[in-house]
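Please look over the sequence and the model shown here before reading the notes that follow.

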Amino acid sequence: MIELPDPLDQAPTRDLLHHYVDERILNRATMKRALQLSGFTPTAQAWVRFFNLSLLVLGAGLAVCGVYFFFAFNWASMHRFAKLGLVEGALVISTVAALWYGLERIQGKILLMVSACLVGALMALFGQIYQTGADAYTLFLNWALVITGLAIAGNFAPLWLLWWGLWNLTIVLYYDQTGNFRQTNDLFALLIFNGLSFALAEGLRQRKLAWLQTNWLHRVLGLGLLWVLVLISFNFGDRFFSYGSNELNPARVILYLLAIVVLAGMTTYHHFVRFDGLLALASLGTIWFFVDRWLFEWLSYDSGATFLLAGMIILGQTVGSILWVRQRQQLLGGHA
């Protein structure tokens, strides 16, 4: 028998407060005050901080976009030294400004993010001026290597997300240009990199690092890992069902089994150790994808009844997953 926690021991959440209103434990006036005390109703100061931060991020993003589009529009009319000088000058100014504000302040972190973006602009500009014949993936590889120091110094989640995205682009473009994209080697590389990234970020979150105490970063990393698992299932299924089992070399089978192990470990951790509603739902969806890939091939697509049955199965899986996650959230006090 499952023992529900004492409501007085649960952290205040919107769902819990609305439940108390529905049960007539709280009235509407008390509910409004409870939302204010719990921090769910923002104060005037909170709105001012939000708009200041939003305008700062918007201004930084528009400034970086302005640099890119400025050179794209005036490319033919500018000397190469002027192009390099302007980007390098902007890079120096943003870096110095970040150090002046201090990397512990949000202004300094955002300016450091601008510097990281300008590093890519400088490398792309150099590659266009001096045609070296290098492959496209080398741009993102060098960009990621150079900003590694900035990411370590800044301890800023968006900056680390940029670093993570550059490495994924590097892996994909490398195997795409060698003609082996969506094959065993690149999926192995993507699985290892994204698996280690997610595991490391989750481990550092457990150590209570301040810049990692945010829900969105580990969710993005988790969804990225789940997407790689879907690609592996696609690759294995295409080879098995379209070309026959003779096309399955041992490496492809090992990769598929490893994907199942990673999916099982990720699902177990986020369901029973540190529950996260979004990742739990996404993990369940990925599990159903692995199962349905085999089920639907076994059923056959020759009749309309098969499509109807497949739709009913997917609908039942979706509804069941949502109900399970909601029940789990309520059991844990409504935490997402």
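The report below starts with the chain as a whole and then turns to single helices and residues.

## Confidence and overall make-up

This is a predicted model, and the mean pLDDT of the protein chain is 77, with 78% of its residues at 70 or more. Among the elements of the chain, helix H1 (residues 14–22) has the lowest mean pLDDT, 61, while helix H8 (residues 157–177) has the highest, 89.

The protein chain holds 13 helices and 0 strands, and along the sequence its pattern reads α-α-α-α-α-α-α-α-α-α-α-α-α. Of its 336 residues, 36% count as buried. Where contacts join residues at least 6 apart in sequence, 66% of these contacts link residues at least 24 apart. The accessible surface of the chain comes to about 19800 Å², and 67% of this surface belongs to carbon and sulfur atoms.

## Helix H8 and the loop before it

The 21 residues of H8 should span 30 Å at 1.5 Å a residue, and the end C-alpha atoms of H8 are indeed 30 Å apart, so the expected and the modelled spans agree. The buried residues of H8 are Ala157, Leu159, Leu162, Trp163, Trp164, Leu166, Asn168, Thr170, Ile171 and Tyr175, a list that includes the polar residue names Asn168 and Thr170 alongside Trp163 and Trp164. As background to such lists, an α-helix has 3.6 residues a turn, so residues three or four places apart point the same way.

Asn155 is placed in the loop between helix H7 (148–154) and H8. Most residues other than glycine have a negative phi. Asn155, although it is not a glycine, has a positive phi of about 50°. Because its relative accessibility is 32%, Asn155 counts as partly exposed.

## Helix H9 and its contacts

Helix H9 covers residues 184–206, and its 23 residues should span 33 Å at 1.5 Å a residue, which agrees with the 33 Å between its end C-alpha atoms. The helix is followed by Lys208, whose phi is positive, near 65°.

Is Glu202, a residue of H9, buried or exposed? Glu202 is buried, because its relative accessible area is 4%, and buried means under 20%. Leaving aside residues up to four places away in sequence, Glu202 touches His218, Tyr269, His270 and Arg274.

Gln206 is also found in helix H9, but Gln206 is partly exposed, with a relative accessible area of 37%. With residues up to four places away in sequence again not counted, Gln206 touches Tyr269 and Arg274, and these two residues are also among those that Glu202 touches. The C-alpha atoms of Gln206 and Arg274 are separated by 9.8 Å, although the two residues lie 68 residues apart along the chain.

## A nonpolar patch and helix H4

Which residues form a nonpolar patch on the surface? The patch is formed by Leu53, Leu56, Val57 and Ile106, which together have about 280 Å² of accessible area. Helix H3 (residues 44–73) supplies the largest share of the patch, 3 residues. Val57 has its place in helix H3, and Val57 is partly exposed, because its relative accessible area is 45% and exposed would require over 50%.

Ala97 lies in helix H4 (residues 80–101), and at 23% relative accessibility Ala97 counts as partly exposed. Ala97 and Leu112 are 15 residues apart in sequence, and their C-alpha atoms are 8.5 Å apart in space.

How values were computed
Residues are numbered from 1 along each chain as its sequence is written. This is a predicted model: local features need pLDDT of at least 70, side-chain atom pairs count only at pLDDT 80 or more; totals for chains, interfaces and linings use all residues. Side-chain values use heavy atoms; hydrogens and water are left out. Helices (H or I, at least four residues) and strands (E, at least two) are DSSP runs, numbered from the N terminus. Buried means under 20% relative accessible area, exposed over 50%, partly exposed in between (1.4 Å probe, protein chains only). Contact means heavy atoms within 4.5 Å. pLDDT is the predictor's confidence in each residue, from 0 to 100. Patches are made of residues with over 30% relative accessible area and no salt bridge: like charges are joined within 9 Å, nonpolar side chains (Val, Leu, Ile, Met, Phe, Trp, Tyr) within 5 Å. Accessible areas come from the Shrake-Rupley method with a 1.4 Å probe; for residues, only the protein chains shown count as cover. A salt bridge is a side-chain nitrogen of Lys or Arg within 4 Å of a carboxyl oxygen of Asp or Glu. The expected span of a helix is 1.5 Å times one less than its number of residues.
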